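Please look at the structure below and follow how charged side chains, a helix and a bound ligand fit into the chain.

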Amino acid sequence: MGGGHLLTKITFFERFEQDILSGAKTITLRDEAESHVFAGQILPVSTFEADRWFCDIKVIEVVPVLFSALTEQHAAQENMTLPELRRVIQEIYPGLEQLFQIRFCVVNTRAHSIN
Ligand SMILES: CC(=O)Nc1ccn([C@@H]2O[C@H](CO)[C@@H](O)[C@H]2O)c(=O)n1
């Protein structure tokens, strides 16, 4: 456990930007390398493709979850169906069983202000 490098920023695929900004997507499922964040931490969020900042998030909690234990409830928090979520994760992390759920809220969408 632990030992990883604390994340100071996080990226999302551009196709999830609107769902994040609207509050429809409130979790992300990451591998161990991207799990090193803590509750209360504020992270700048950029697109993976262009590294374009689009908001800051506050981490609410980080909990381990197995791929095989994903439920419709996880999918709902991703604004997806469970089959969609399983397909997306298999594409990003093929064969990976141990995931980490990062629950977050958007706290800032303007580059020049904090909150
Ligand atoms: C860009 C990058 O480096 N990595 C990732 C990794 C994951 N995700 C999303 O989190 C959820 C569960 O994995 C799904 O909604 C994923 O699409 C993402 O957007 N970007």
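A salt bridge is a side-chain nitrogen of Lys or Arg within 4 Å of a carboxyl oxygen of Asp or Glu. In this predicted model, Glu14, Glu17 and Arg52 are linked in a network of such salt bridges, and a search of the whole structure finds 6 salt bridges. Three of the pairs are set out here, each with its N to O distance.

| Basic residue | Acidic residue | N to O distance |
|---|---|---|
| Lys9 | Asp51 | 2.6 Å |
| Arg52 | Glu14 | 4.0 Å |
| Arg30 | Glu34 | 3.0 Å |

The side chains of Glu14 and Arg52 meet in a salt bridge, and this pair links distant parts of the chain, with Glu14 in the loop between β1 and α1 (17–22) and Arg52 in the loop between β3 and β4, 38 residues apart. Glu14 is partly exposed, with a relative accessible area of 35%, and Arg52 is also partly exposed, at 36%.

Lys9 forms a salt bridge with Asp51; because Lys9 lies in the segment before β1 (10–12) and Asp51 in the loop between β3 (42–47) and β4 (53–66), the pair ties together parts that are 42 residues apart in sequence. Lys9 is partly exposed at 34% relative accessibility, and Asp51 is partly exposed at 46%. In the pair formed by Arg30 and Glu34, Arg30 counts as buried, at 7% relative accessibility, whereas Glu34, at 22%, counts as partly exposed.

Helix α3, which spans residues 82–92, has Leu82, Leu85, Val88 and Ile89 as its buried residues. Seen down the axis of α3, these buried residues fall within an arc of 125°, so they line one face of the helix. They pack against β2 (27–30), α2 (72–77) and β5 (98–108). Leu82 has a relative accessible area of 14%, and it counts as buried because that value is under 20%. Leaving aside its neighbours within four places in sequence, Leu82 is in contact with Leu70, Thr71, Glu72 and Ala75.

The ligand has 15 residues around it, of which Phe16, Lys25, Thr28, Leu29 and Glu78 come nearest. A polar side-chain atom of Lys25 lies 2.6 Å from an oxygen atom of the ligand, an N or O atom in the side chain of Glu78 is 2.7 Å from a ligand oxygen, and a polar backbone atom of Phe13 is 3.1 Å from a ligand oxygen. The protein covers 95% of the 430 Å² of accessible area that the ligand has on its own.

Notes: Residues are numbered from 1 along each chain as its sequence is written. This is a predicted model: local features need pLDDT of at least 70, side-chain atom pairs count only at pLDDT 80 or more; totals for chains, interfaces and linings use all residues. Side-chain values use heavy atoms; hydrogens and water are left out. Buried means under 20% relative accessible area, exposed over 50%, partly exposed in between (1.4 Å probe, protein chains only). Helices (H or I, at least four residues) and strands (E, at least two) are DSSP runs, numbered from the N terminus. The arc is that of the directions from the helix axis to the C-beta atoms. Contact means heavy atoms within 4.5 Å. A residue is near a molecule or strand if one of its heavy atoms lies within 4 Å of it. A polar contact is a pair of N or O atoms within 3.5 Å; within protein, one must be able to donate a hydrogen and the other to accept it, and residues adjacent in sequence count only if both atoms are side-chain atoms. Accessible areas come from the Shrake-Rupley method with a 1.4 Å probe; for residues, only the protein chains shown count as cover.
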